[in-house]
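Biologist: I am new to this structure and should like to be taken through it. May we look at it together?
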Amino acid sequence: MNSLKGFQKRFLRGVAHSLKPLLFVGQKGFTQSLVDAMDNALDHHELVKVKFVEFKEKEKKLALVGQIEKTVPCEMVGLVGHIATFFRQQADPEKRRINLPQKTDG
């Protein structure tokens with residue numbers, strides 16, 4: 001997966017604004033069930049919000065985000081308060097729900 005550019009992340013944050021969190025990370029933190037649920041949600045939705053219920057410190061949230069990005073191929077596009085937004089483009093062009101903007105020179 002190519003790394004997202006700033007304007008693409010900004011676009012995705014705008015799309016995600018009206019979305020509700022699909023996954024919640026509680027006291028167990030990073031688990032295999034979280035990985036499986038995240039993978040399924042990204043396959044279906046492409047853009048997923050995750051709410052951190054138990055982790056209030058920013059360092060802990062960022063550590064969990066890093067683990068999620070490494071284990072589940074995806075990229076964080078935003079972290080506001082206790083909610084992180086992740087994106088992974090659908091591999092099948094027919095099933096894509098989100099068309100990322102592309103900058104053209106000109």
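**A buried loop residue, a helix and two pockets**

Modeller: This is a predicted model. Glu 46 is buried in it, with a relative accessible area of 1%.

Biologist: Where is the place of Glu 46?

Modeller: Glu 46 sits in the loop between H2 and E2.

Biologist: And what is phi of Glu 46?

Modeller: Phi of Glu 46 is near 75°, which is a positive value in a residue other than glycine.

Biologist: Let us turn to helix H3. How many residues has it, and what does it reach from its first C-alpha to its last?

Modeller: Helix H3 covers residues 58–71, which makes 14 residues. From its first C-alpha to its last it reaches 20 Å, close to the 20 Å expected at 1.5 Å a residue.

Biologist: Which residues of H3 are buried?

Modeller: The buried residues of H3 are Lys 61, Leu 64, Val 65 and Ile 68. Seen down the axis of H3, these buried residues fall within an arc of 105°, so they line one face of the helix.

Biologist: What do the buried residues of H3 pack against?

Modeller: They pack against strand E1 (23–25), helix H2 (32–45), strand E2 (47–52), E3 and E4.

Biologist: Which residues are exposed on the other side of H3?

Modeller: Glu 59 and Lys 70 are exposed on that other side.

Biologist: Now the pockets. What volume has the largest pocket?

Modeller: The volume of the largest pocket is about 260 Å³. It is lined by 14 residues, and the closest to its centre are Asn 2, Leu 4, Gln 8, Leu 100 and Gln 102.

Biologist: How do the residues of that lining divide?

Modeller: The lining of the largest pocket has six nonpolar, five polar and three charged residues.

Biologist: How much space lies in the second largest pocket, and which residues line it?

Modeller: The second largest pocket holds about 160 Å³ of space. Its lining consists of Arg 13, Ala 16, His 17, Lys 49, Gly 78, Leu 79, Val 80, Ile 83 and Thr 85. By class, four of these are nonpolar, three polar and two charged.

Biologist: Which elements each supply at least two residues of that lining?

Modeller: Helix H1 (6–16), strand E3 (75–80) and strand E4 (83–87) each do so.

Biologist: And which gives the most?

Modeller: E3 gives the most to the lining of the second largest pocket, with three residues. Strands E3 and E4 are also among the elements against which the buried residues of H3 pack.

Note on methods: Residues are numbered from 1 along each chain as its sequence is written. This is a predicted model: local features need pLDDT of at least 70, side-chain atom pairs count only at pLDDT 80 or more; totals for chains, interfaces and linings use all residues. Side-chain values use heavy atoms; hydrogens and water are left out. On a 1 Å grid over the protein atoms alone, a cavity is a set of points where a 1.4 Å probe fits but cannot get out, and a pocket is an open set with protein on both sides within 12 Å along at least five of seven lines; lining residues have an atom within 4 Å of a point. Grid points are joined across faces, edges and corners, and a volume is the space filled by probe spheres set on the points. Ala, Val, Leu, Ile, Met, Phe, Trp, Tyr, Cys and Pro count as nonpolar, Asp, Glu, Lys and Arg as charged, and the others, Gly among them, as polar. Helices (H or I, at least four residues) and strands (E, at least two) are DSSP runs, numbered from the N terminus. The expected span of a helix is 1.5 Å times one less than its number of residues. Buried means under 20% relative accessible area, exposed over 50%, partly exposed in between (1.4 Å probe, protein chains only). The arc is that of the directions from the helix axis to the C-beta atoms. Contact means heavy atoms within 4.5 Å.
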